[in-house]
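Here are my notes on the side chains, set out as numbered points for you to follow alongside the sequence and the model.

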Amino acid sequence: LFIDVQRRIGMYLRALWARDFYLRPTSGDFESREGYRPYIEGFIMHLPDAYDDHPSCSGLEVYRAAAAHAACHVVYTTTQLDDADLSALQIALIGMAEDARVEALAVQRFPGLQHIWLPLHTATPAAGESAGALMARLAHAWLDPDYRDDHAWVTLGRQLFSEQQAQLQSTEMSHAIGLQLSDALLAMGIVFSAANDVVDIPYRDDNRYMWEFADLLETGQVVAGMNVQQVRKYASLMEMLNTLDVPGAGDDAGEVWVLATEFFRDADPTHSVNEKEGREPPPQPYHYAEWDYQMQLERPDWCTVLEKRAPPGDVAIIDEIVVKHKPIISRLKFLIEGMQPQGVQRIRKQEDGDEIDLNAAIRAMIEMRMGEQPDPRIMMRNVRKVRDLSVLVLIDLSESTNDPVRGSDNSVLQLAREATVLLADAMNKIGDPFAIHGFDSNGRHDIEYFRFKDFDAPYDDKAKARLAGMRGELSTRMGAAIRHAGSILKRQPSHKKLLLVVTDGEPADNDVRDPQYLRFDAKKSVEELARSGITTYCLSLDPGADQYVSRIFGAKNYMVVDHVQRLPEKLPLLYMGLTR
């Protein structure tokens, strides 16, 4: 499968040409336009989403051959050819000559590439003398000097290619050879059919790139995956009002003007233009490295975190949770009062301090008069009790949180919401700065991050509405989300920082098949935060989490809740135990 080999093929091409190539899968459906044939469109190399093993080599070798050949076109085809007034036969032969030319240039630099391509050239004189068979035999002859074929047209093709070796760097060579071979084939009375005479060389692309790439550059067409970055200009209100907008502008606009604040019309001063007519602006991407335990190296800027607006829900849901768990809130009341700052406290019997402890000083004088050794701790220190702590609760919002809890009508997400509401209520009463965020993922380039409540935002109806709108979807790429949460916690001025991760399973994503890969990356992210003074604690709702959670978060920095129904009770108590 393409998904299994894409990363190593990309590294393979970078090792050859010291540059990056864009690779994408294409459908293997024979009814589609591309079928199983590779192609290059807009400087992106499209390879089939799957390759079967070839009789002479494995499917991985076919991928290597196809990717290397397509990369040869991107590197060595520097002049676009004109297909005007050319017949289908001439276009096919010019393309075949161009394939041979770029492969010859690559083999001069990397001789080993010949051994990758040769096993896929299976045409011999036994294949027959149709136009397609002769073209496949000539392609074999151009690549393999040891291949023997006495057919006159194949011999002519070999001769023309050897005579043009001085012009190997120019695409004009392919054009000239293709026209001469076309005339010779027609003179022999051999009929060519574009539908039937298809050269069956599985790794070669359809050569559309050599006829169109310069036109794409000249017309400025933007290809998906290589978009020119839009310029986002923050304009003033008067600039926005006095400048004509472009009615046809869309996602392909080169420059987008935005206001730093919301815009309200006089007719409706309570709802902004964005709320009524606009759409959510594209999120700002944040790139983070990812740890590859097999290579023991970090992949720089490998993951993309996108902060997205949390959809609001019904605040009544949160009020119902408070009413439902009123007994737990009553039990927490005394614990909360005990954790609130107590102001200034005097600590007596200190060797040095702010003032003399008169009672201790008198006892020391009495001991001296009695000839005993006096206690030197006669000072008293005034200490201001302050909880210097910031807490960020990071909630796993993957699709699995929608599963119902065994023995209950509630889902895991509903219980996580209830626990978070009780915890937020407790932290709000204690006075600790706290934030509540959530995450899910759809591959390494789409890690969605939601801010339900930030440190500088009050815990009001808006924050509660966002908590009520929580929904579970997609996967759990935990390492990148932990790194992003850590970057937010680092900006807090508190002396102690705690990241509390609530999850129902192990790290996983749809583009990763090795279960250990994301576990090691999450472990690495926890270690990175520890070096920055941030403590990471995991509350796992997976009964089988003991197999992996201790290796990610450490032996003492996790708790597995076997009975998920008790989560609303456990989470606030856990927090108070961690921050006492």
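1. Two charged side chains sit over aromatic rings in this predicted model. Arg 444 lies over the face of Trp 302, at 3.6 Å from the ring centre, while Lys 453 lies over the face of Phe 434, at 4.2 Å from the ring centre.

2. Across the whole structure, the search finds nine aromatic pairs. In one of them, Trp 17 and Phe 21 meet edge-to-face, with 6.2 Å from centre to centre and 75° between the planes, and both Trp 17 and Phe 21 are buried.

3. The rings of Trp 142 and Phe 161 form a tilted pair, because their planes stand at 35°, with the centres 5.3 Å apart. This pair links distant parts of the chain, since Trp 142 belongs to helix H5 (residues 131–143) and Phe 161 to helix H6 (residues 152–163), 19 residues apart. Trp 142 is buried, with a relative accessible area of 12%, and Phe 161 is likewise buried, at 6%.

4. Phe 2, Tyr 51 and Tyr 63 come together as one aromatic cluster.

5. How many disulfides does the model contain? The count comes to zero, where the rule asks for a pair of cysteine sulfur atoms within 2.5 Å. Among the cysteines, Cys 57 is buried, with a relative accessible area of 15%, and Cys 303 is buried at 0%.

6. On the surface, Met 11, Met 295 and Leu 297 form a nonpolar patch, which together has about 270 Å² of accessible area. Met 295 lies in the loop between strand E8 (285–292) and strand E9 (297–308), and Met 295 is partly exposed, with a relative accessible area of 34%.

Notes:
Residues numbered from 1 in each chain as written. Predicted model: local features only at pLDDT ≥ 70, side-chain atom pairs only at ≥ 80, totals over all residues. Heavy atoms only, no water. Patch = residues over 30% accessible without salt bridge, like charges linked within 9 Å, V, L, I, M, F, W, Y side chains within 5 Å. Areas by Shrake-Rupley, 256 points an atom, 1.4 Å probe, with all protein chains shown as cover. Salt bridge = Lys/Arg side-chain N within 4 Å of Asp/Glu carboxyl O. Helix = DSSP H or I, 4+ residues; strand = E, 2+ residues; numbered from the N terminus. Buried < 20%, exposed > 50% of the residue type's maximum accessible area, 1.4 Å probe, protein only. Phe/Tyr/Trp six-rings, centres within 6.5 Å; stacked < 30°, edge-to-face > 60°. Lys NZ or Arg CZ within 6 Å of the ring centre and 35° of its normal.
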